[in-house]
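Visitor: I am new to this structure. Please show it to me, and then I will ask about its pocket and its aromatic rings.

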Amino acid sequence: MAEIKLESVAKTFGTFAAVKGVDVTVDHGSFFVILGPSGCGKTTTLRMMAGLELPTSGRILLDGEDVTVLPASARDIAFVFQLFALYPHMNVRQNIAFPLRCQNYRRDEVRRSVEETARLLRIDHLLDRRVGGLSGGDRQRVALGRAIVRRPKAFLMDEPLGALDSEFRKLMCGELRELHDRIDATTVYITHDQLEAMAMADVIAIMNQGRVEQIGTPQEIYDRPASMFVADFIGAPPMSFLAVWASLPRGARSIEVDGVPLEMPQLFEDRAEGSLALGVRPENVSFADSAGLRGRVIGAEYLGTTQIVTVTTANGQIKARLPSGNAVRIGETVGLALRPDKLSLFDAVSGRALSSALYGGHHG
Ligand code: ATP
(Lines give C-alpha, C1' and ligand atoms only; values in the text may rest on other atoms or scores of the structure.)
Protein backbone atom coordinates (compact mmCIF):
# COMPACT_ATOMS: atom_id res chain seq x y z
CA MET A 1 0.00 0.00 0.00
CA ALA A 2 1.13 3.51 -0.67
CA GLU A 3 0.01 7.10 -0.52
CA ILE A 4 0.47 9.03 -3.76
CA LYS A 5 0.43 12.80 -3.71
CA LEU A 6 0.58 15.24 -6.60
CA GLU A 7 1.35 18.86 -5.74
CA SER A 8 0.59 21.44 -8.45
CA VAL A 9 1.70 18.99 -11.13
CA ALA A 10 1.68 20.36 -14.67
CA LYS A 11 2.76 19.03 -18.03
CA THR A 12 3.17 20.90 -21.29
CA PHE A 13 4.01 19.37 -24.65
CA GLY A 14 5.61 22.17 -26.64
CA THR A 15 3.16 25.02 -26.12
CA PHE A 16 0.19 22.75 -25.33
CA ALA A 17 -0.72 22.48 -21.63
CA ALA A 18 -2.03 18.91 -21.19
CA VAL A 19 -2.14 19.01 -17.36
CA LYS A 20 -2.54 22.35 -15.60
CA GLY A 21 -1.55 22.23 -11.95
CA VAL A 22 -3.18 19.16 -10.47
CA ASP A 23 -3.37 18.61 -6.69
CA VAL A 24 -4.43 15.12 -5.72
CA THR A 25 -3.87 12.81 -2.75
CA VAL A 26 -4.52 9.11 -3.20
CA ASP A 27 -4.78 7.61 0.28
CA HIS A 28 -3.32 4.26 1.36
CA GLY A 29 -5.59 1.47 0.23
CA SER A 30 -7.87 3.70 -1.79
CA PHE A 31 -9.46 2.77 -5.11
CA PHE A 32 -9.06 6.15 -6.79
CA VAL A 33 -10.61 6.76 -10.19
CA ILE A 34 -9.63 9.55 -12.56
CA LEU A 35 -12.65 10.21 -14.75
CA GLY A 36 -13.01 12.55 -17.69
CA PRO A 37 -13.60 12.89 -21.41
CA SER A 38 -11.05 11.95 -24.03
CA GLY A 39 -8.05 14.29 -24.09
CA CYS A 40 -8.60 15.81 -20.62
CA GLY A 41 -5.17 14.71 -19.37
CA LYS A 42 -5.93 11.46 -17.52
CA THR A 43 -3.24 9.33 -19.15
CA THR A 44 -0.61 12.06 -18.88
CA THR A 45 -1.38 12.41 -15.16
CA LEU A 46 -1.11 8.66 -14.63
CA ARG A 47 2.12 8.43 -16.63
CA MET A 48 3.64 11.10 -14.39
CA MET A 49 2.59 9.10 -11.30
CA ALA A 50 4.27 6.06 -12.83
CA GLY A 51 7.49 7.85 -13.72
CA LEU A 52 6.99 7.40 -17.45
CA GLU A 53 6.65 11.15 -18.01
CA LEU A 54 8.49 13.98 -16.27
CA PRO A 55 6.27 16.83 -14.99
CA THR A 56 7.04 20.30 -16.34
CA SER A 57 6.46 21.61 -12.81
CA GLY A 58 5.16 20.43 -9.45
CA ARG A 59 6.07 17.52 -7.15
CA ILE A 60 5.08 13.85 -6.87
CA LEU A 61 5.36 12.15 -3.48
CA LEU A 62 5.17 8.42 -2.85
CA ASP A 63 4.68 7.71 0.84
CA GLY A 64 6.02 11.17 1.59
CA GLU A 65 9.19 10.69 -0.47
CA ASP A 66 9.76 13.04 -3.40
CA VAL A 67 9.91 10.77 -6.47
CA THR A 68 9.29 13.49 -9.07
CA VAL A 69 12.43 12.72 -11.06
CA LEU A 70 12.77 9.01 -10.20
CA PRO A 71 12.36 6.69 -13.21
CA ALA A 72 9.52 4.18 -13.32
CA SER A 73 11.86 1.29 -12.47
CA ALA A 74 12.74 2.89 -9.12
CA ARG A 75 9.14 3.54 -8.00
CA ASP A 76 7.80 0.09 -7.19
CA ILE A 77 4.53 0.85 -8.95
CA ALA A 78 2.82 -1.42 -11.49
CA PHE A 79 1.35 0.16 -14.61
CA VAL A 80 -1.42 -1.82 -16.32
CA PHE A 81 -2.25 -0.76 -19.88
CA GLN A 82 -5.26 -1.44 -21.98
CA LEU A 83 -4.54 -4.40 -24.29
CA PHE A 84 -1.93 -5.75 -21.94
CA ALA A 85 0.27 -7.92 -24.11
CA LEU A 86 0.87 -11.49 -22.99
CA TYR A 87 3.51 -13.77 -24.48
CA PRO A 88 1.46 -16.26 -26.51
CA HIS A 89 4.21 -18.86 -26.78
CA MET A 90 4.55 -19.06 -22.99
CA ASN A 91 2.20 -20.78 -20.59
CA VAL A 92 0.32 -19.03 -17.79
CA ARG A 93 3.00 -19.81 -15.21
CA GLN A 94 5.77 -18.37 -17.39
CA ASN A 95 3.76 -15.27 -18.20
CA ILE A 96 3.06 -14.47 -14.55
CA ALA A 97 6.64 -15.31 -13.56
CA PHE A 98 8.15 -13.03 -16.19
CA PRO A 99 8.54 -9.85 -14.09
CA LEU A 100 10.18 -11.85 -11.28
CA ARG A 101 12.54 -13.63 -13.68
CA CYS A 102 13.60 -10.25 -15.05
CA GLN A 103 14.56 -9.22 -11.54
CA ASN A 104 16.51 -12.46 -10.89
CA TYR A 105 14.31 -13.77 -8.08
CA ARG A 106 15.25 -17.25 -6.74
CA ARG A 107 13.48 -20.18 -8.43
CA ASP A 108 11.58 -21.30 -5.32
CA GLU A 109 10.53 -17.73 -4.62
CA VAL A 110 9.22 -17.36 -8.16
CA ARG A 111 7.26 -20.61 -7.89
CA ARG A 112 5.73 -19.64 -4.55
CA SER A 113 4.76 -16.12 -5.66
CA VAL A 114 3.31 -17.29 -8.97
CA GLU A 115 1.20 -20.00 -7.34
CA GLU A 116 -0.04 -17.65 -4.63
CA THR A 117 -0.98 -15.04 -7.25
CA ALA A 118 -2.75 -17.63 -9.41
CA ARG A 119 -4.77 -18.82 -6.41
CA LEU A 120 -5.74 -15.23 -5.63
CA LEU A 121 -7.00 -14.78 -9.19
CA ARG A 122 -8.59 -18.25 -9.23
CA ILE A 123 -6.55 -19.35 -12.25
CA ASP A 124 -4.30 -21.85 -10.45
CA HIS A 125 -5.85 -24.70 -12.44
CA LEU A 126 -4.62 -23.02 -15.65
CA LEU A 127 -0.96 -22.56 -14.73
CA ASP A 128 0.37 -25.03 -17.29
CA ARG A 129 -1.91 -23.96 -20.14
CA ARG A 130 -0.73 -21.82 -23.06
CA VAL A 131 -2.27 -18.34 -22.93
CA GLY A 132 -3.16 -18.54 -26.63
CA GLY A 133 -6.02 -20.93 -25.96
CA LEU A 134 -7.56 -19.10 -22.97
CA SER A 135 -10.85 -17.18 -22.86
CA GLY A 136 -10.73 -13.37 -22.82
CA GLY A 137 -11.50 -13.28 -19.11
CA ASP A 138 -8.75 -15.69 -18.18
CA ARG A 139 -6.28 -13.76 -20.32
CA GLN A 140 -7.17 -10.58 -18.41
CA ARG A 141 -6.63 -12.46 -15.16
CA VAL A 142 -3.20 -13.62 -16.33
CA ALA A 143 -2.37 -10.03 -17.28
CA LEU A 144 -3.44 -8.91 -13.80
CA GLY A 145 -1.41 -11.73 -12.30
CA ARG A 146 1.66 -10.43 -14.05
CA ALA A 147 0.99 -6.96 -12.62
CA ILE A 148 0.39 -8.05 -9.03
CA VAL A 149 2.98 -10.84 -8.68
CA ARG A 150 5.70 -8.38 -7.63
CA ARG A 151 3.37 -6.96 -4.96
CA PRO A 152 4.10 -3.37 -5.91
CA LYS A 153 3.15 -0.46 -3.65
CA ALA A 154 0.45 0.69 -6.04
CA PHE A 155 -1.33 -0.17 -9.27
CA LEU A 156 -1.93 2.37 -11.97
CA MET A 157 -4.47 1.19 -14.52
CA ASP A 158 -5.17 2.98 -17.80
CA GLU A 159 -8.59 1.83 -19.08
CA PRO A 160 -7.52 -1.79 -18.60
CA LEU A 161 -10.96 -3.06 -19.60
CA GLY A 162 -11.42 -0.71 -22.55
CA ALA A 163 -11.25 -3.41 -25.19
CA LEU A 164 -13.86 -5.68 -23.61
CA ASP A 165 -17.54 -5.90 -24.45
CA SER A 166 -19.87 -4.32 -21.93
CA GLU A 167 -21.17 -7.44 -20.15
CA PHE A 168 -17.71 -8.81 -19.64
CA ARG A 169 -16.47 -5.39 -18.62
CA LYS A 170 -18.99 -5.28 -15.79
CA LEU A 171 -17.86 -8.68 -14.56
CA MET A 172 -14.18 -7.71 -14.65
CA CYS A 173 -14.93 -4.40 -12.87
CA GLY A 174 -16.37 -6.38 -9.98
CA GLU A 175 -13.39 -8.76 -9.96
CA LEU A 176 -10.86 -5.93 -10.06
CA ARG A 177 -12.48 -4.16 -7.14
CA GLU A 178 -12.64 -7.39 -5.16
CA LEU A 179 -8.99 -8.12 -5.90
CA HIS A 180 -8.03 -4.61 -4.78
CA ASP A 181 -9.76 -5.23 -1.44
CA ARG A 182 -8.26 -8.69 -0.97
CA ILE A 183 -4.66 -7.60 -1.51
CA ASP A 184 -5.03 -4.26 0.30
CA ALA A 185 -3.73 -2.38 -2.72
CA THR A 186 -3.67 1.30 -3.59
CA THR A 187 -5.14 1.62 -7.07
CA VAL A 188 -5.43 4.55 -9.45
CA TYR A 189 -7.77 3.67 -12.29
CA ILE A 190 -8.52 5.74 -15.38
CA THR A 191 -11.79 5.64 -17.24
CA HIS A 192 -14.05 7.87 -19.32
CA ASP A 193 -17.05 5.74 -18.27
CA GLN A 194 -18.98 7.39 -15.43
CA LEU A 195 -20.92 4.25 -14.52
CA GLU A 196 -17.71 2.26 -14.17
CA ALA A 197 -16.23 5.04 -12.03
CA MET A 198 -19.30 5.26 -9.79
CA ALA A 199 -19.41 1.49 -9.31
CA MET A 200 -15.75 0.97 -8.47
CA ALA A 201 -14.34 4.09 -6.83
CA ASP A 202 -13.81 5.06 -3.23
CA VAL A 203 -12.89 8.49 -4.53
CA ILE A 204 -13.28 10.04 -7.99
CA ALA A 205 -11.29 12.93 -9.46
CA ILE A 206 -13.08 14.44 -12.44
CA MET A 207 -10.78 16.07 -14.98
CA ASN A 208 -11.64 18.54 -17.70
CA GLN A 209 -9.16 20.23 -20.03
CA GLY A 210 -6.12 19.47 -17.90
CA ARG A 211 -7.65 20.49 -14.59
CA VAL A 212 -9.33 18.62 -11.75
CA GLU A 213 -12.91 19.88 -11.52
CA GLN A 214 -13.86 17.99 -8.35
CA ILE A 215 -12.60 15.27 -6.03
CA GLY A 216 -15.05 13.34 -3.88
CA THR A 217 -16.85 10.11 -3.19
CA PRO A 218 -19.23 8.98 -5.93
CA GLN A 219 -22.18 10.17 -3.85
CA GLU A 220 -20.68 13.59 -3.11
CA ILE A 221 -20.00 14.11 -6.78
CA TYR A 222 -23.48 12.98 -7.78
CA ASP A 223 -25.36 14.94 -5.11
CA ARG A 224 -23.20 18.06 -4.98
CA PRO A 225 -21.47 18.65 -8.29
CA ALA A 226 -18.91 21.46 -8.03
CA SER A 227 -19.54 22.64 -11.55
CA MET A 228 -21.99 22.41 -14.43
CA PHE A 229 -19.41 20.29 -16.24
CA VAL A 230 -19.49 17.67 -13.45
CA ALA A 231 -23.30 17.86 -13.15
CA ASP A 232 -23.55 17.23 -16.86
CA PHE A 233 -20.88 14.52 -17.06
CA ILE A 234 -22.27 12.43 -14.18
CA GLY A 235 -25.73 10.88 -14.23
CA ALA A 236 -27.69 9.21 -17.02
CA PRO A 237 -29.48 11.28 -18.10
CA PRO A 238 -27.46 14.17 -16.65
CA MET A 239 -28.71 17.02 -14.48
CA SER A 240 -31.17 19.46 -16.12
CA PHE A 241 -30.52 23.19 -15.92
CA LEU A 242 -32.98 26.06 -15.83
CA ALA A 243 -31.65 29.47 -16.81
CA VAL A 244 -32.48 32.05 -14.13
CA TRP A 245 -31.66 35.72 -13.77
CA ALA A 246 -31.59 36.54 -10.09
CA SER A 247 -30.32 38.82 -7.42
CA LEU A 248 -30.51 36.87 -4.18
CA PRO A 249 -29.26 37.99 -0.78
CA ARG A 250 -27.14 35.68 1.36
CA GLY A 251 -29.21 32.82 2.75
CA ALA A 252 -32.14 33.38 0.40
CA ARG A 253 -34.88 30.80 0.85
CA SER A 254 -36.47 31.02 -2.52
CA ILE A 255 -35.59 31.73 -6.10
CA GLU A 256 -37.91 33.00 -8.81
CA VAL A 257 -38.14 31.00 -12.01
CA ASP A 258 -40.34 32.55 -14.68
CA GLY A 259 -42.13 34.57 -12.00
CA VAL A 260 -42.76 31.51 -9.83
CA PRO A 261 -41.01 31.43 -6.44
CA LEU A 262 -39.38 28.03 -5.83
CA GLU A 263 -38.55 27.02 -2.31
CA MET A 264 -34.92 26.42 -1.34
CA PRO A 265 -33.93 25.29 2.17
CA GLN A 266 -31.60 28.23 2.86
CA LEU A 267 -29.30 26.66 0.38
CA PHE A 268 -26.90 29.34 -0.59
CA GLU A 269 -24.47 31.20 1.63
CA ASP A 270 -23.25 33.68 -0.90
CA ARG A 271 -25.16 36.35 -2.68
CA ALA A 272 -26.30 35.01 -6.01
CA GLU A 273 -26.32 37.65 -8.65
CA GLY A 274 -26.87 37.68 -12.37
CA SER A 275 -27.09 34.79 -14.76
CA LEU A 276 -27.55 31.54 -12.85
CA ALA A 277 -28.39 27.93 -13.66
CA LEU A 278 -30.68 25.99 -11.36
CA GLY A 279 -29.77 22.31 -11.55
CA VAL A 280 -32.01 19.35 -10.74
CA ARG A 281 -31.57 15.63 -11.32
CA PRO A 282 -34.43 13.72 -13.04
CA GLU A 283 -35.36 11.69 -9.95
CA ASN A 284 -35.97 14.90 -8.00
CA VAL A 285 -38.63 16.19 -10.39
CA SER A 286 -42.27 15.17 -10.15
CA PHE A 287 -45.51 16.26 -11.76
CA ALA A 288 -47.91 18.19 -9.51
CA ASP A 289 -51.05 19.94 -10.71
CA SER A 290 -50.68 22.59 -8.03
CA ALA A 291 -47.06 23.49 -8.92
CA GLY A 292 -46.55 27.00 -10.27
CA LEU A 293 -43.70 26.01 -12.59
CA ARG A 294 -45.33 24.86 -15.82
CA GLY A 295 -44.01 23.12 -18.89
CA ARG A 296 -45.05 21.11 -21.92
CA VAL A 297 -44.21 17.43 -22.31
CA ILE A 298 -42.19 16.92 -25.50
CA GLY A 299 -40.94 13.36 -25.13
CA ALA A 300 -40.93 10.21 -23.04
CA GLU A 301 -38.37 7.42 -23.04
CA TYR A 302 -39.55 4.10 -21.64
CA LEU A 303 -36.95 2.35 -19.47
CA GLY A 304 -38.87 -0.53 -17.94
CA THR A 305 -39.73 0.37 -14.36
CA THR A 306 -39.22 4.08 -14.98
CA GLN A 307 -39.53 6.51 -17.87
CA ILE A 308 -37.60 9.69 -18.60
CA VAL A 309 -40.00 12.45 -19.52
CA THR A 310 -38.70 15.61 -21.18
CA VAL A 311 -40.58 18.82 -20.43
CA THR A 312 -39.85 22.17 -22.00
CA THR A 313 -40.30 25.28 -19.86
CA ALA A 314 -39.76 28.98 -20.51
CA ASN A 315 -36.35 28.61 -18.79
CA GLY A 316 -35.08 25.43 -20.43
CA GLN A 317 -35.73 21.71 -20.64
CA ILE A 318 -36.18 19.51 -17.60
CA LYS A 319 -36.01 15.73 -17.53
CA ALA A 320 -38.12 13.88 -14.96
CA ARG A 321 -37.73 10.23 -13.97
CA LEU A 322 -41.26 8.95 -13.30
CA PRO A 323 -42.71 5.50 -12.70
CA SER A 324 -43.48 4.03 -16.11
CA GLY A 325 -47.06 3.39 -14.91
CA ASN A 326 -47.74 7.16 -14.89
CA ALA A 327 -49.68 8.05 -18.03
CA VAL A 328 -47.92 10.87 -19.85
CA ARG A 329 -49.29 12.57 -22.98
CA ILE A 330 -46.95 14.31 -25.39
CA GLY A 331 -48.03 17.94 -25.75
CA GLU A 332 -49.83 18.21 -22.39
CA THR A 333 -49.01 21.03 -20.00
CA VAL A 334 -47.88 19.89 -16.55
CA GLY A 335 -46.89 21.43 -13.21
CA LEU A 336 -43.34 20.59 -12.10
CA ALA A 337 -42.37 20.10 -8.45
CA LEU A 338 -38.61 20.14 -7.74
CA ARG A 339 -37.26 18.66 -4.50
CA PRO A 340 -35.91 21.76 -2.72
CA ASP A 341 -33.16 19.98 -0.76
CA LYS A 342 -31.76 18.47 -3.95
CA LEU A 343 -31.36 21.64 -5.99
CA SER A 344 -27.98 22.92 -7.15
CA LEU A 345 -27.31 26.50 -8.17
CA PHE A 346 -24.49 27.49 -10.50
CA ASP A 347 -23.02 30.71 -11.79
CA ALA A 348 -23.96 30.29 -15.44
CA VAL A 349 -20.93 32.27 -16.63
CA SER A 350 -18.15 30.50 -14.70
CA GLY A 351 -20.08 27.23 -14.42
CA ARG A 352 -19.07 26.90 -10.75
CA ALA A 353 -21.55 25.82 -8.08
CA LEU A 354 -22.51 28.48 -5.57
CA SER A 355 -21.38 27.59 -2.08
CA SER A 356 -23.97 26.06 0.06
CA ALA A 357 -24.70 26.34 3.77
CA LEU A 358 -26.83 23.22 3.66
CA TYR A 359 -23.86 21.04 2.83
CA GLY A 360 -21.67 22.57 5.49
CA GLY A 361 -19.21 24.41 3.36
CA HIS A 362 -18.08 25.34 -0.07
CA HIS A 363 -18.36 23.12 -3.05
CA GLY A 364 -15.28 21.71 -4.70
P1 ATP B 1 -7.75 9.58 -23.78
O2 ATP B 1 -8.82 8.99 -22.92
O3 ATP B 1 -8.22 9.93 -25.16
O4 ATP B 1 -6.45 8.84 -23.74
P5 ATP B 1 -6.69 11.38 -21.82
O6 ATP B 1 -7.61 12.10 -20.92
O7 ATP B 1 -5.96 10.21 -21.26
O8 ATP B 1 -7.44 11.01 -23.15
P9 ATP B 1 -4.08 12.40 -22.46
O10 ATP B 1 -3.68 11.17 -23.23
O11 ATP B 1 -3.45 12.62 -21.14
O12 ATP B 1 -5.65 12.48 -22.33
O13 ATP B 1 -3.79 13.65 -23.40
C14 ATP B 1 -4.10 14.97 -23.01
C15 ATP B 1 -3.75 15.90 -24.15
O16 ATP B 1 -2.33 15.94 -24.32
C17 ATP B 1 -4.31 15.44 -25.48
O18 ATP B 1 -4.76 16.58 -26.19
C19 ATP B 1 -3.14 14.82 -26.20
O20 ATP B 1 -3.24 14.98 -27.59
C21 ATP B 1 -1.96 15.61 -25.64
N22 ATP B 1 -0.73 14.79 -25.58
C23 ATP B 1 -0.56 13.67 -24.87
N24 ATP B 1 0.69 13.18 -25.03
C25 ATP B 1 1.32 14.02 -25.88
C26 ATP B 1 2.65 14.06 -26.46
N27 ATP B 1 3.56 13.15 -26.15
N28 ATP B 1 2.92 15.08 -27.29
C29 ATP B 1 1.99 16.03 -27.58
N30 ATP B 1 0.75 16.06 -27.07
C31 ATP B 1 0.40 15.06 -26.24
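Visitor: What is the volume of the largest pocket?

Guide: This is a predicted model, where local features need pLDDT of at least 70, side-chain atom pairs count only at pLDDT 80 or more, and totals for chains, interfaces and linings use all residues. Residues are numbered from 1 along each chain as its sequence is written, and side-chain values use heavy atoms, without hydrogens and water. A pocket is an open set of points on a 1 Å grid over the protein atoms alone, where a 1.4 Å probe fits and protein lies on both sides within 12 Å along at least five of seven lines. With volume taken as the space filled by probe spheres set on the points, the largest pocket has about 420 Å³.

Visitor: Which element gives the most residues to the lining of the largest pocket?

Guide: Lining residues have an atom within 4 Å of a point, and the largest pocket has 20 of them. Helices (H or I, at least four residues) and strands (E, at least two) are DSSP runs, numbered from the N terminus. Two or more lining residues come from each of helix 2 (92-102), helix 4 (136-148) and strand 6 (77-80). The most, four residues, come from strand 6.

Visitor: Why does the pair of Phe 229 and Phe 233 count as stacked or tilted?

Guide: Rings of Phe, Tyr and Trp (its six-membered ring) pair if their centres lie within 6.5 Å; planes under 30 degrees apart count as stacked, over 60 as edge-to-face and the rest as tilted. The ring centres of Phe 229 and Phe 233 are 5.7 Å apart and the planes are at 15°, so the pair is stacked.
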